[in-house]
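Hi,

Here's the structure I said I'd pass along. Have a look, and my notes follow underneath.

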Amino acid sequence: MVKAQVAFGDGISGSVGVGALEWISQREKIMRSFKQFTAVYNNKHQELLGRLEKVLREIGECERQYFGDADWYNRYGFIFHSFMSLHYAR
C-alpha cells in the first residue's frame with residue numbers, strides 16, 4: 001500500500017510544479033515512518049511467535065501428561081506455529 005501511495009505522489013508531483021518541492025519533503029517523512037513501522041512490526045512478530053511457541057509447548061506437555069501423546073508439538077503445534085509465522089510475516 002505504501003509503494004502504491006508513494007508512486008501516486010511521485011506521479012502527481014511532477015505535474016504540479018511547486019507541489020513537487022513539498023512532496024519531496026513529505027515523501028521523506030513517509031519513508032522514514034514506514035521504516036520505523038517495519039522495525040517495530042518485525043520485533044513484535046518475533047516476540048509474539050516466541051510466546052506462541054511457549055504456549056504450544058505447554059499444550060504439548062499437557063497432551064503428553066494427560067493423554068499420552070508424547071509428540072504433540074512436533075505433529076500439531078509446529079504446524080500451527082509455522083502457519084502463523086508465514087501468515088503474518090512481512
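Starting at the third helix: the buried residues of H3 are Trp-72, Tyr-73, Gly-77 and His-81. They pack against helix H2, which covers 18-67. Keep in mind throughout that this is a predicted model.

H3 itself runs over residues 72-87, so to speak a 16-residue helix, and its first and last C-alpha atoms are 22 Å apart, close to the 22 Å expected at 1.5 Å a residue. There is a bend in H3 all the same, of about 35° at Phe-78.

Now for the other end of the chain. H1 takes in residues 2-13, and its 12 residues should span 16 Å at 1.5 Å a residue; the end C-alpha atoms are 16 Å apart, so the two agree. Which residues of H1 are buried? Val-6, Gly-9 and Ser-13. Those three cover an arc of only 60° around the axis, so they sit on the same side of H1. On the face turned away from that buried side you'll find the exposed residues Lys-3, Ala-4, Phe-8 and Gly-11.

And what do the buried residues of H1 pack against? H2 again: that is where the buried residues of H1 make their contacts. The axes of H1 and H2 are 10 Å apart, and the helices pack at an angle of about 170°. Anything over 145 degrees counts as roughly antiparallel, so that is how H1 and H2 are arranged relative to each other. The H1 side of the contact consists of Val-2, Gln-5, Val-6, Gly-9, Asp-10 and Ser-13, while H2 contributes Ala-20, Trp-23, Arg-27, Ile-30, Met-31 and Phe-34. Val-6, Gly-9 and Ser-13, the buried residues of H1, are among the residues in that contact.

Two more residues to click on. Asp-69 lies in the loop between H2 and H3. Is Asp-69 buried or exposed? Its relative accessible area is 14%, and the cut-off for buried is under 20%, so Asp-69 counts as buried. Leaving out residues up to four places away in sequence, Asp-69 touches Gly-60, Glu-63, Arg-64, Arg-75 and Tyr-76.

The other one is Ile-59, which belongs to helix H2. With a relative accessible area of 34%, Ile-59 is partly exposed. Ile-59 and Tyr-73 are 14 residues apart in sequence, and their C-alpha atoms are 7.9 Å apart in space. Tyr-73 is one of the buried residues of H3 mentioned at the top.

Cheers

Definitions and conventions:
Residues numbered from 1 in each chain as written. Predicted model: local features only at pLDDT ≥ 70, side-chain atom pairs only at ≥ 80, totals over all residues. Heavy atoms only, no water. Helix = DSSP H or I, 4+ residues; strand = E, 2+ residues; numbered from the N terminus. Expected span 1.5 Å × (residues − 1). Bend = angle between axes of the 7 residues up to and from the residue. Buried < 20%, exposed > 50% of the residue type's maximum accessible area, 1.4 Å probe, protein only. Contact = heavy atoms within 4.5 Å. Arc of directions from axis to C-beta. Axes fitted to C-alpha atoms, helices over the stretch in contact; angles between N-to-C directions. Parallel < 35°, antiparallel > 145°, perpendicular 65-115°, else oblique.
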